[in-house]
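Here is a short set of exercises to work through with the model open beside you. Try each task yourself before reading its solution.

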Amino acid sequence: MSNKMPPEEREEMKLPHDEDVFVSEEKQKEILQKYDPESNTRDLAGIAKHVVFYGLLAFSLFQLYTAIFGQYTAYIQRSIHLGFALSLIFILFPARKRKGERHKVAWYDYILSLLAIAVALYWPIMYEELVFRVGRVTELDLAVGILAVVLTLEATRRAVGLPITIISSLFLAYAFYGPYFPGFLRHRGQDLDSVIQLMFYTTDGILGTPISVSATFIFVFLLFGAFLVKTGVGQYFNDLAVSLAGHLTGGPAKVAIFSSALQGTISGSSVANVVTSGSYTIPMMKKLGYKKEFAGGVEAAASTGGQIMPPIMGAAAFLMVEFIGGVTYWEIAKAAAIPAILYFSGVWIMTHLEAKRTGLKGLSKEEMPDRKEVLKKLYLLLPIIAIIFFLFIGIPTMHAALYGIVLTVLVSAFNKETRLGFKDIIHALVDGARTALAVAAATAAAGIIVGVVVKTGLGLGLANGLVSASGGNILLTLFFTMLASIVLGMGSPTTANYVITSTIAAPAIIALLMIDQPFGAAVPLVVALSAHLFVFYFGIIADITPPVALAAFAASGISGGEPIKTGFIAAKLAAAAFIIPYMFVLSPALLMIDTTWPELIWVLITAFTGMIAIGAGLIGFWYRKLNWLERIIAFATGLALIYPEGTSDAIGAIVFVILFIIQWISREKKAPQTSEA
């Protein structure tokens with residue numbers, strides 16, 4: 001998404017000029033291609049460019065047609081969706097990152113694209129016969145199924161990256177070689193026919209639940225996001241954030257947090273979020289005096305938080321509806337709201353304290369945009385507000401997204417600068433389909449993982465193993481599950497990230513929380529939601545957790561800072577994300593399920609107060625500089641306040657008040673000197 005604005009409009013709004021603030025589009029593209037596999041596409045020309053353009057347009061039109069007039073049967077709908085994605089990926093994404101391969105399509109990629117189309121058409125053409133002889137695989141079925149698996153893995157490697165490709169391949173190997181694994185990992189091995197039947201001829205493999213969600217809800221919401229971007233809402237997020245937070249202490253850092261929280265409502269990628277908003281906010285922070293690594297760390301932490309921000313949550317919310325079962329989309333968005341607010345509050349508090357510690361001010365009046373001019377474009381946010389309202393009143397998720405697209409086109413007509421013409425609509429359809437390619441490949445590959453887990457019972461085995469290793473201790477189980485989720489989430493996009501962690505890690509939490517229940521008892525909603533959100537949070541936090549912190553590395557590419565150091569700063573600023581999941585597992589009141597308003601308000605007060613204490617302890621400043629003993633006490637006080645238990649809350653509150661009084665009384669004696677960070 002371009003950050004360019006007409007010079008006369010920028011002058012009118014008193015925003016800094018492009019050369020002072022913006023990172024060039026070429027630099028943005030370079031960073032995205034380096035750290036975001038989904039952006040590592042060819043620069044096509046000639047016939048290949050037209051083939052991809054009209055292929056993407058056809059993809060969107062097919063999805064819109066089935067969303068409006070009704071979907072085909074599961075196998076046909078999902079296989080066609082997969083076929084569009086795979087065939088276009090082989091033309092658009094090079095097999096290697098060599099510069100020479102970015103401008104031409106290799107001959108073998110055309111062959112792979114045609115094979116993907118043939119595989120996709122196999123189900124529609126052979127549907128009646130395949131359904132009639134369900135459970136039996138012919139030699140032709142076997143060949144097509146093998147081809148489907150190989151093409152899926154290769155397309156995923158190109159469009160999504162190696163981590164999920166390797167994990168999916170290891171799970172496939174596990175399906176074959178189960179008897180050779182020790183202990184709870186051992187299972188009866190599967191032969192080739194059984195594995196291929198599972199992978200392509202049932203709804204438990206490649207054509208399973210993950211790609212089902214991609215072929216329905218996710219695609220339409222990605223289209224909604226593409227239409228919003230065409231109206232210029234992304235740049236408007238930045239302008240609105242500057243007008244509201246730019247003048248505050250450490251203003252540009254708070255602009256980054258505010259803008260990234262808004263960007264997260266339409267973005268499906270932490271890295272893309274970093275590059276989109278960070279190209280504007282990071283240079284602004286550096287100009288104010290923030291160190292390179294801290295500026296990059298703020299943006300990385302904030303942009304990663306965008307993936308846990310309702311209503312979209314990086315498209316993972318739609319997967320949760322299917323994976324948990326018996327839960328509505330609105331219930332998930334509502335449950336995720338308070339944890340997301342606490343996360344951004346934690347990042348905001350620490351950036352504020354860092355700005356106070358180093359004496360950094362906000363933007364000057366001359367650097368601020370005209371707030372009235374910015375607020376005149378608030379109508380651009382109407383489609384997002386409308387989507388939330390539609391979901392709240394119970395309109396089906398897909399219809400809500402369709403209404404959102406129509407409303408976006410109508411709202412854009414309010415102003416000639418945002419008005420969407422016919423060409424804009426066509427390009428929005430193409431851009432939406434382009435962003436869906438990697439999601440489709442990732443969910444197809446994730447289906448391989450789900451299929452193997454279902455067939456072999458691996459999920460239950462891993463859950464029992466984690467619970468056994470922790471000795472049944474809830475905190476240890478959560479800690480081990482956290483580590484597993486971070487490792488599994490490294491380098492994976494949001495959707496695939498959630499599928500992997502929810503399939504492998506979430507069952508451990510559910511198993512422990514259900515340990516006193518009769519075997520086969522239904523899992524309560526609060527248990528399922530807290531477990532799935534727990535692993536989702538830590539899978540996302542992998543994007544800023546060294547050594548594979550892609551969001552932090554992308555931010556360092558803009559700031560010029562050291563990547564690993566940027567990652568550690570981002571992880572420190574996102575400390576709330578390492579604490580909040582424990583809170584809502586131990587105290588589900590945060591998820592707004594089966595709780596009263598007094599309970600919820602008390603939990604929020606203690607949690608927010610605890611964030612202030614933890615922020616002061618980590619940054620080393622409150623109203624004045626803290627020594628090491630004070631930092632340790634402040635951090636411990638924050639943990640006591642956050643831990644959902646009466647005694648710890650009382651002790652934490654008393655110590656917090658004492659610390660606050662001491663800081664307030666001594667604030668004048670050791671006030672910070674204004675200096676460059």
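The exercises below go from the whole protein to single residues.

This is a predicted model, in which local features need pLDDT of at least 70 and side-chain atom pairs count only at pLDDT 80 or more, while totals for chains, interfaces and linings use all residues. Residues are numbered from 1 along each chain as its sequence is written, and side-chain values use heavy atoms, with hydrogens and water left out.

**Exercise 1. Describe the overall build of the protein.**

Step 1: Start with secondary structure. The protein has 31 helices and 0 strands; helices (H or I, at least four residues) and strands (E, at least two) are DSSP runs, numbered from the N terminus.

Step 2: Turn to the dimensions. Along the principal axes, the C-alpha atoms fill a box of roughly 85 × 65 × 45 Å. The radius of gyration is 25 Å, which agrees with the value near 26 Å for a compact globule of 677 residues. That radius is taken over C-alpha atoms, and the globule rule is 2.2 Å times the number of residues to the power 0.38.

Step 3: Look at burial and contacts. Of the 677 residues, 60% are buried, where buried means under 20% relative accessible area, exposed over 50%, and partly exposed in between (1.4 Å probe, protein chains only). Among contacts with a separation of 6 or more, 78% join residues 24 or more positions apart; a contact means heavy atoms within 4.5 Å.

**Exercise 2. Place Ser212 and Asp191, and find a side-chain partner for each.**

Step 1: Ser212 belongs to helix H10 (residues 209-230). Its relative accessible area is 17%, so Ser212 counts as buried.

Step 2: The Ser212 side chain makes a polar contact with the side chain of Arg78 at 3.3 Å. Here a polar contact is a pair of N or O atoms within 3.5 Å; within protein, one must be able to donate a hydrogen and the other to accept it, and residues adjacent in sequence count only if both atoms are side-chain atoms.

Step 3: Asp191 sits in the loop between helix H8 (162-176) and helix H9 (192-200). With 45% relative accessibility, Asp191 is partly exposed. Its side chain makes a polar contact with that of Ser194 at 2.7 Å.

**Exercise 3. Which residues does Ala616 touch, and which are in contact with Thr501, leaving aside neighbours up to four places away in sequence?**

Step 1: Ala616 is in helix H29 (residues 597-619), and it is buried, with a relative accessible area of 0%. It touches Leu353, Phe621, Trp622 and Leu626.

Step 2: Thr501 is in helix H23 (residues 494-504) and is buried at 0% relative accessible area. Thr501 is in contact with Ser485, Leu488, Ala506, Val535, Phe536 and Gly539.

**Exercise 4. Examine the backbone at Pro547 and Met592.**

Step 1: Recall the general pattern. Most residues other than glycine have a negative phi, and most peptide bonds are trans.

Step 2: Check the proline pair. The peptide bond from Pro546 to Pro547 is cis, with omega near 10°. Pro547 lies in the loop between helix H25 (525-541) and helix H26 (550-559).

Step 3: Check the methionine. Met592 is a residue other than glycine with a positive phi, near 60°. Met592 is found in the loop between helix H28 (575-586) and H29, and is partly exposed, with a relative accessible area of 21%.
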